[in-house]
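Work through the exercises below with the sequence and the model open. Try each task before reading its solution.

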Amino acid sequence: MRKILIDADGCPVVDITIKLATQFKIKCIIICDTSHIFEKVGAQTITVSKGSDSVDFALVNMVKKGDIVVTQDYGLAAMCLARKSVPISQNGMIYTNDNIDSLLMQRYTAKKIRMAGGKFGKGASKRKSGQNIVFEAELKKLLEESYDI
C-alpha cells in the first residue's frame, strides 16, 4: 500500500498533506529532526537525530515504489525518483526524470556562485496562499490518478 512521506523540516504544507491523506485513507508519515516538533492527528511522526541530511536519509530508507514524497530538496527528490516514488514540491511541482537534472544543475550553479562570493537570485519570497492552492490541487490529482511509475 502506498503512503505519503513528508520531509517536514521547513515544510509549509504539512496540514494540507495530512488533510488529503486522511481524505484518501492513505498513511501519512512526517519525518523531522529533533529541532522540530510535529505531533499531528492523522499522521505518524518519526523524529531523527539532528544532522546534515539525517531526515533525507531516513526518508529514502523508508520510501517504496509508488509512495508520494513531499519535499523541496532536489537531492532528496532525485533519490526518491531512483526508488520509483513520486516526489512533489511544496509548490505543487512534480519532480520527474525529465526535470530533475536541470533542477540539480541550477542548485549546483547557485552554490558555486555563492561560494565565490556572488549572489544568486533574490532568495525565497514570502509564501502566498495561491501556492497552497496549487500544491493541494496537484497532490489531489496524484492521489486520484493511477499513475505510472
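## Exercise 1: Two helices side by side

Helix α2 (residues 54–62) and helix α3 (residues 74–82) pack with their axes 10 Å apart, at an angle of about 15 degrees. The model is a predicted one.

Task. Decide which word describes the pair α2 and α3: roughly parallel or roughly antiparallel? Then list the residues in α2 and α3 that meet.

Solution.

Step 1. Take the angle between the axes of α2 and α3, which is about 15 degrees.

Step 2. Compare it with the cut-off: angles under 35 degrees count as roughly parallel. Helices α2 and α3 are therefore roughly parallel to each other.

Step 3. Look at the handedness: α2 passes α3 in a right-handed crossing.

Step 4. Find the residues that meet. From α2 these are D56, F57, L59 and V60, and from α3 they are L76, M79 and C80. Sorted by class, the contact of α2 with α3 has six nonpolar residues, no polar ones and one charged.

## Exercise 2: A second helix pair

Task. Helix α1 (residues 14–23) and helix α5 (residues 129–144) have axes that come within 10 Å. Describe how α1 and α5 cross and which residues make the contact.

Solution.

Step 1. The axes of α1 and α5 cross at roughly 30 degrees.

Step 2. Angles under 35 degrees count as roughly parallel, and α1 and α5 are therefore roughly parallel to each other.

Step 3. The crossing of α1 past α5 is right-handed.

Step 4. On the α1 side, the contact is made by I16, T17, K19, L20 and Q23. On the α5 side, N132, F135, E136, L139, K140 and L143 take part. By class, the contact of α1 with α5 comes to five nonpolar, three polar and three charged residues.

## Exercise 3: What covers α1

Task. Which residues of α1 are buried, and what covers them?

Solution.

Step 1. Pick out the residues of α1 under 20% relative accessible area, the cut-off for buried. They are V14, I16, T17, I18, L20 and A21.

Step 2. Look for what lies over these residues. The cover includes the strands β1 (3–7), β2 (27–33) and β4 (68–70), and also helix α5.

## Exercise 4: Positive phi in two loops

Task. Locate K25 and K84. For each, state phi and say whether the residue counts as exposed, partly exposed or buried.

Solution.

Step 1. K25 is in the loop between α1 and β2. Its phi is positive, about 55 degrees, although K25 is not a glycine.

Step 2. The relative accessibility of K25 is 67%, so K25 counts as exposed.

Step 3. K84 sits in the loop between α3 and β5 (86–88). Phi of K84 is also positive, near 65 degrees, and K84 is a residue other than glycine.

Step 4. The relative accessibility of K84 is 46%, so K84 counts as partly exposed.

## Exercise 5: The whole chain

Task. How many helices and strands does the protein chain have, and in what order do the elements run?

Solution.

Step 1. The count is five helices and five strands.

Step 2. Starting at the N terminus, the order is β-α-β-β-α-β-α-β-α-α.

Step 3. Add the totals for the chain. Of its 149 residues, 40% count as buried. The accessible surface is about 8,700 Å², and carbon and sulfur atoms hold 54% of that surface.

Note on methods
Residues numbered from 1 in each chain as written. Predicted model: local features only at pLDDT ≥ 70, side-chain atom pairs only at ≥ 80, totals over all residues. Heavy atoms only, no water. Axes fitted to C-alpha atoms, helices over the stretch in contact; angles between N-to-C directions. Helix = DSSP H or I, 4+ residues; strand = E, 2+ residues; numbered from the N terminus. Parallel < 35°, antiparallel > 145°, perpendicular 65-115°, else oblique. Left-handed = near helix turned anticlockwise from the far one by under 90°. Contact = heavy atoms within 4.5 Å. Nonpolar A, V, L, I, M, F, W, Y, C, P; charged D, E, K, R; others polar. Buried < 20%, exposed > 50% of the residue type's maximum accessible area, 1.4 Å probe, protein only. Areas by Shrake-Rupley, 256 points an atom, 1.4 Å probe, with all protein chains shown as cover.
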